[in-house]
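Got your viewer open? Load the model, switch to a cartoon view, and let's take a walk through it together.

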Amino acid sequence: MLPATLRLPVTMLAQPDGTTCGPTCLHAIYRYWGEREALRKIIERARRLEHGGTYAVFLACDALRKGFEATIYTYNLTVFDPTWFRPGVDLADRLRRQRDKKRDPRLVHSTDGYLEFLARGGRLRLAELSRALVRGILRRRIPILTGLSSTFL
């Protein structure tokens, strides 16, 4: 359990179905920052995958469109090559070149999301999920939306 100093007053509504966890979590973060939008509206505009659910990058794009800041910490080696995170590397260019060569529709879909995310000013960091990372973000009183793949589990 987190120490009281790291717990944020984030209030979650019940998710309406088995595939809207992402938009429901995003709604809770919006409420944390004082935004009062109906959960239904966030769910309606969430870009869904064919089998349900959504990629975190599309939730982050929604936040950027609304004027929020967003940073994605990733260690997704399916989409990103770790060498792309060196100074001077144009991450958007690398993503476009990869998308043009690979045919996996899921990779193309997520790449399009990352390209929009970067174009809207989102920040992308290669970092393994760790206790230090989470605690550092929470100490700054910033809520965290984490993603997971139920198929991975």
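**Charges and the whole chain**

Start by colouring the charged side chains: there are 27 positive and 15 negative charges in the protein, and the mean positions of the two sets lie 6 Å apart. Keep in mind as you go that this is a predicted model.

Now go back to the cartoon and count the elements: you should find 6 helices and 2 strands. Followed along the sequence, they come in the order α-α-α-β-α-α-β-α. The radius of gyration is 16 Å, close to the 15 Å that the globule rule gives for 153 residues, so the protein is as compact as a globular protein of that length. If you draw a box around the C-alpha atoms along the principal axes, it is roughly 45 × 35 × 35 Å.

Turn on the surface next. The accessible area is about 9,800 Å², and carbon and sulfur atoms account for 53% of it. As for the inside, 35% of the 153 residues are buried. Take the contacts between residues at least 6 apart in sequence: 59% of them join residues at least 24 apart.

**Stop one: helix α3**

Select residues 56–65, which form helix α3. How many of its 10 residues are buried? The count is 8, so call this helix mostly covered. To see them, show Val-57, Phe-58, Leu-59, Ala-60, Cys-61, Asp-62, Ala-63 and Leu-64 as sticks. Now bring up what lies over them: the cover includes α1, α2 (39–45), β1 and α5. Before leaving, click on Gly-67, which follows α3 and has a positive phi near 95 degrees.

**Stop two: Thr-24 in α1**

One of the elements covering α3 is α1, so let's go there using residues 21–32, and pick out Thr-24 within that helix. Is Thr-24 buried or exposed? Its relative accessibility is 1%, so Thr-24 counts as buried. Leave out residues up to four places away in sequence, and Thr-24 touches Met-12, Leu-13, Ala-14, Gln-15, Pro-16 and Leu-39.

**Stop three: Thr-74 in β1**

Another part of the cover over α3 is β1. Select residues 71–74 to highlight this strand, then zoom in on Thr-74. With 6% relative accessibility, Thr-74 counts as buried. Which residues does Thr-74 contact, once neighbours within four places in sequence are set aside? They are Phe-80, Phe-85, Leu-124, Arg-125, Leu-126 and Ala-127. For a distance to try in the viewer, go from the C-alpha of Thr-74 to that of Pro-143: the two are 69 residues apart along the chain and 16 Å apart in space.

**Stop four: one face of α4**

Move on to residues 91–101, helix α4, and show its buried residues Leu-91, Ala-92, Leu-95 and Gln-98. Look down the helix axis: these buried residues fall within an arc of 125 degrees, so they line one face of α4. The general reason is that an α-helix has 3.6 residues a turn, so residues three or four places apart point the same way. Over the buried residues of α4, the cover includes α5 (105–119) and β2 (123–126).

**Last stop: Arg-141**

Finish in the segment after α6 (131–139), where you'll find Arg-141. Its backbone is worth a click: Arg-141 has a positive phi of about 65 degrees although it is not a glycine. At 33% relative accessibility, Arg-141 counts as partly exposed.

How values were computed: Residues are numbered from 1 along each chain as its sequence is written. This is a predicted model: local features need pLDDT of at least 70, side-chain atom pairs count only at pLDDT 80 or more; totals for chains, interfaces and linings use all residues. Side-chain values use heavy atoms; hydrogens and water are left out. Helices (H or I, at least four residues) and strands (E, at least two) are DSSP runs, numbered from the N terminus. The radius of gyration is taken over C-alpha atoms; the globule rule is 2.2 Å times the number of residues to the power 0.38. Buried means under 20% relative accessible area, exposed over 50%, partly exposed in between (1.4 Å probe, protein chains only). Contact means heavy atoms within 4.5 Å. Accessible areas come from the Shrake-Rupley method with a 1.4 Å probe; for residues, only the protein chains shown count as cover. Lys and Arg count as positive and Asp and Glu as negative; His and the chain ends are not counted. The place of a charge is taken as NZ of Lys, CZ of Arg, CG of Asp or CD of Glu. The arc is that of the directions from the helix axis to the C-beta atoms.
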